[in-house]
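These are my notebook entries on the structure shown here. I record what I looked up, topic by topic.

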Amino acid sequence: MSVVYRAVQWNRQKRIYDGILLVAVGLYIAGFIWFTPLFDANADPKNVPIRAFGSAAFILLTIILSIGPLCRLDSRFLPLLYNRRHMGVVTCALGLYHGYLVLNWYHKYGNVDPLVSLLASNTNYDSFFSFPFETLGIGALLILIVMAATSHDFWLANLTAPMWKALHMGVYMAYAFLVGHVVLGALQSNTHPILATLVVLSALWVVSLHVITSGGERQQDQDISTDPEGWIDVGPVNQIPENRAKIVCASGERIAIFRYEGKVSAISNACQHQNGPLGEGQIIDGLVTCPWHGYQYDPASGASPPPFTEKIPTFTVFIRQGRVLLDPTPHPAGTPVEPAIVPNPSSAQSPDNQEFFVGYLPTMTKGISRFISRRVAALLLAVVMLVFVLPVLHGEYHHARSDFRDLREFDGFLMAEPAPHIVVVRPGETGKHAFSRYVLVGRGKSGPKIDVAGLNGKYVRVRGSLIYRDGGTMISVKRAEEVPAPSTTASSINSLGDETLGTYTLQGEIVDSKCYFGTMRPGNTAVHRQCTVRCIAGGIPPVFLVRDESGNIMSFLLVDSNGSTVNDRVLSMVADPVEIKGEVVRLDNLFVLKADPDQYRRL
Amino acid sequence: MIRPRRLLHRQMFLLLAFLVPALLFVGLAFRPDIPPVSKPDLTLLAQAGFASNIPDNLTRVQAGEQSFDIGLVRNSSTTSSLIIRSVDPLLKPDLLVYWVPESIQDNSLPDNAILLGELMGTSFRHMTLPATETTEQGSLIIYSLAHQDVFTSFLIPSLSRARKGNHTS
């Protein structure tokens with residue numbers, strides 16, 4: 001409680017709470033980033049932090065959404081609720097950084113602004129599995145941002161608790177969006193059954209907890225009927241423990257009837273702060289104390305002690321023949337009402353041994369401290385286990401490389417068709433396939449920024465870096481210039497030719513060659529779809545991946561039946577299972593699939 | 001919470017209790033999968049050098065830090081094919097497999113090296129050896145054309161031949 005707004009009203013519990021939170025999140029992210037390359041040497045150093053921050057946000061939101069219902073089931077969890085807003089802000093920060101990393105890796109260096117790329121690269125809103133899962137993540141993040149921005153008590157007081165609470169119930173939609181984001185994104189690419197099981201179990205855990213507790217709340221919300229005189233029979237006064245309350249539901253809302261110091265008073269059950277359940281609190285120092293954040297009210301007047309100004313409605317009660325009778329008509333908030341006097345004060349039930357603690361108190365009671373410590377330790381242990389488990393489960397990094405720091409020179413004939421590439425003469429006695437062909441791309445998500453038309457058919461020296469995977473090799477070109485061909489190779493251009501292998505109907509996936517062959521790991525499947533779109537739209541040649549039952553993967557450069565590029569015509573079908581019927585042509589180590597995109601069939 | 005918010009919470013979770021499991025079930029159980037190449041089209045992979053029938057009598061060869069599985073298939077009285085794969089993925093660009101009749105003394109590609117084919121990841125590759133009896137001896141050189149260096153080389157081990165035609169070419 002405070003009279004003036006402060007950024008954070010620090011106290012010992014909040015410092016401990018935030019300290020554990022930040023250390024746990026920091027250890028998880030550092031561990032994830034550090035351990036992943038130990039488990040998988042091919043882990044993409046740009047991709048690993050994206051997964052670390054994203055998974056941390058998902059785990060933290062799962063924990064946050066578990067706290068509320070756990071508190072309903074066992075009030076000893078309440079200390080976790082006390083500073084839950086800080087957890088929410090940290091989740092939002094993790095999600096924001098996850099988004100920032102995604103923008104700077106999958107969407108940067110393209111032909112449009114990264115934000116435009118994020119929002120416009122995939123518009124398959126009419127498809128379930130091709131749905132732009134990023135939009136679901138953005139939706140969740142926007143909700144979390146609004147919640148984080150309005151998390152301070154300033155907004156709580158000015159919006160009023162019911163409005164603020166309604167706004168912050170958006171977190172449930174955010175969670176649903178986030179589950180969709182994970183299922184339609186990461187879990188489409190990563191098919192490890194344990195990872196899927198972990199996500200399913202966590203989602204079912206959250207939903208089940210809330211369904212169970214909301215069912216219990218529903219039972220408590222049954223209105224008690226009034227007698228002919230308009231009174232509600234609350235029950236025997238000696239069933240109300242000293243300094244505790246009995247809660248009844250009347251006129252559509254819950255009322256807390258407190259017994260204290262030989263008196264009985266009734267107030268609204270909803271704390272003005274966050275509408276916390278005052279009836280589940282205790283009377284401390286003669287004041288009703290909210291179990292959520294410790295806001296206090298005089299039980300007779302419903303007013304907070306000066307200088308605080310919070311007020312809640314009060315109700316008239318009296319005791320007849322040992323039973324408490326309640327008038328369900330509320331008095332205006334803060335209206336003093338004469339307490340009913342208990343005729344035989346010694347008849348009160350002794351309070352149960354339930355411990356009570358609010359965060360601003362200097363020390364936690366032993367029982368609650370032991371209970372919370374054990375559960376937080378178990379949670380931290382689970383986080384440590386996840387640090388070891390998740391990097392292994394995320395192991396979908398392929399053996400591929402982009403040596404972008406290792407600039408080399410390559411000599412060969414530059415050919416413009418079917419995609420810009422250079423033809424390098426293989427040494428030794430080579431027979432039929434005397435050349436290796438390396439497709440040329442530019443920096444970022446673009447085709448080669450060299451004079452392809454002017455250098456077509458000429459012997460050139462290309463300076464650039466290699467991108468390679470499983471026998472496929474490309475060059476990211478910085479510059480190219482014509483050079484004299486060695487006498488031994490000058491005539492070999494005459495032996496260049498293609499070999500038609502026939503017409504085939506093939507099923508596979510369209511990817512951008514640059515990412516797939518090494519720039520991104522993974523460089524295909526749904527999680528990489530938007531980057532694929534950006535790359536192909538920017539001029540990176542699309543290739544079609546086909547595999548056999550043994551796992552052998554063959555890639556085909558895609559052109560139309562006239563041999564022209566198809567980049568702009570395949571964007572809507574990337575990363576999906578597609579069937580293409582076309583003519584296969586072999587150019588040494590390059591295989592080309594010639595088919596018109598309007599004949600492609602999505603499976 | 002006040003009662004309308006409790007009601008809203010209950011309604012939201014009744015919706016989510018249906019929506020989230022349904023999303024998880026459909027999203028995971030019906031994940032789209034790309035079917036493998038159908039049997040008639042396997043000839044295309046064979047033309048690209050992928051071996052489809054792997055002989056049982058493979059020999060594992062250790063060459064430096066790399067291991068290769070190698071087998072021989074006799075095609076006719078004068079020709080044999082080599083089945084080879086790298087046991088672990090090789091992070092070198094454009095790896096070509098050459099044969100030379102002698103053992104390799106230095107880390108360069110001899111002029112008389114004969115190109116057999118290309119390695120691709122850990123896939124079994126089928127390469128026709130030159131039509132002489134002596135090619136079943138000699139050395140194999142794994143050469144990275146893009147790096148223009150010899151990645152590794154090793155003597156062809158004494159290999160027992162699989163039956164004629166036990167491969168696809």
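I count two residues as in contact if their C-beta atoms, placed from the backbone, lie within 7 Å. The model I am reading is predicted.

**Entry 1: the interface**

I looked up the contacts between the chains first. I found that 62 residues of chain A are in contact with 51 residues of chain B. On the side of chain A that touches chain B, at least two residues each come from helices α8 (161-168), α9 (170-184), α10 (186-189) and α11 (193-220), among other elements. Strands β15 (459-469), β17 (499-512), β18 (542-547) and β20 (577-587) of chain A likewise supply at least two residues each. I noted that α11(A) gives the most, with 10 residues. By class, I recorded 30 nonpolar, 18 polar and 14 charged residues on this side of chain A.

**Entry 2: domains of chain B**

I then consulted the domain assignment of chain B, which gives domain 1 (1-33) and domain 2 (43-162). Taken over C-alpha atoms, the centres of these two domains of chain B are 56 Å apart.

**Entry 3: a helix pair in chain A**

I examined helix α1 (residues 12-39) and helix α2 (residues 47-73) of chain A, whose axes come within 9 Å and cross at roughly 145°. The crossing of α1(A) and α2(A) is right-handed. From α1(A), the contact is made by Val25(A), Tyr28(A), Ile29(A), Phe32(A), Ile33(A) and Thr36(A). From α2(A), I listed Val48(A), Pro49(A), Ala52(A), Phe53(A), Ala56(A) and Leu60(A). The contact of α1(A) with α2(A) has 11 nonpolar residues, one polar residue and no charged residues.

I followed up Pro49(A), which is placed in helix α2 of chain A. Is Pro49(A) buried or exposed? I entered Pro49(A) as partly exposed, because it has 18 C-beta neighbours inside 10 Å, whereas a buried residue needs 20 or more. Beyond its neighbours within four places in sequence, Pro49(A) is in contact with Ile33(A) and Leu101(A). I also noted 7.7 Å between the C-alpha atoms of Pro49(A) and Ile29(A), which are 20 residues apart along the chain.

**Entry 4: nonpolar cores**

Nonpolar side chains tend to be buried together in soluble globular proteins. In this model, I found 156 residues in the largest nonpolar core. The members that touch the most other members are Leu60(A), Tyr175(A), Ile422(A), Phe556(A), Leu558(A) and Tyr98(B). Helix α2(A) gives the most to this core, with 13 residues. I looked up Leu558(A) in particular: leaving aside its neighbours within four places in sequence, its contacts include Ile510(A), Pro542(A), Phe544(A) and Leu593(A). Apart from the largest core lies another, of 38 residues, among them Ile232(A), Ile255(A), Leu278(A) and Val342(A).

**Entry 5: backbone exceptions**

Most residues other than glycine have a negative phi, and most peptide bonds are trans. I therefore recorded the following cases.

- Pro306(A) and Pro307(A) are joined by a cis peptide bond, with omega about 5°; Pro307(A) lies in the loop between β7 (296-297) and β8 (314-320) of chain A.
- Arg521(A) and Pro522(A) are joined by a cis peptide bond, with omega about 5°; Pro522(A) is in the loop between α15 (513-519) and α16 (529-537) of chain A.
- Tyr109(A) has a positive phi of about 65° and is placed in the loop between α4 (84-106) and α5 (114-120) of chain A.
- Gln148(B) has a positive phi, near 55°, and is in the loop between β7 (139-144) and β8 (149-155) of chain B. I entered Gln148(B) as partly exposed because it has 14 C-beta neighbours inside 10 Å.

Note on methods
Residues numbered from 1 in each chain as written. Chains lettered and ligands numbered in written order. Predicted model: local features only at pLDDT ≥ 70, side-chain atom pairs only at ≥ 80, totals over all residues. Axes fitted to C-alpha atoms, helices over the stretch in contact; angles between N-to-C directions. Helix = DSSP H or I, 4+ residues; strand = E, 2+ residues; numbered from the N terminus. Left-handed = near helix turned anticlockwise from the far one by under 90°. Nonpolar A, V, L, I, M, F, W, Y, C, P; charged D, E, K, R; others polar. Core = buried A, V, L, I, M, F, W, Y, C linked by C-beta atoms within 7 Å. Buried ≥ 20, exposed ≤ 12 C-beta atoms within 10 Å, placed from the backbone. Domains from an automatic or database assignment.
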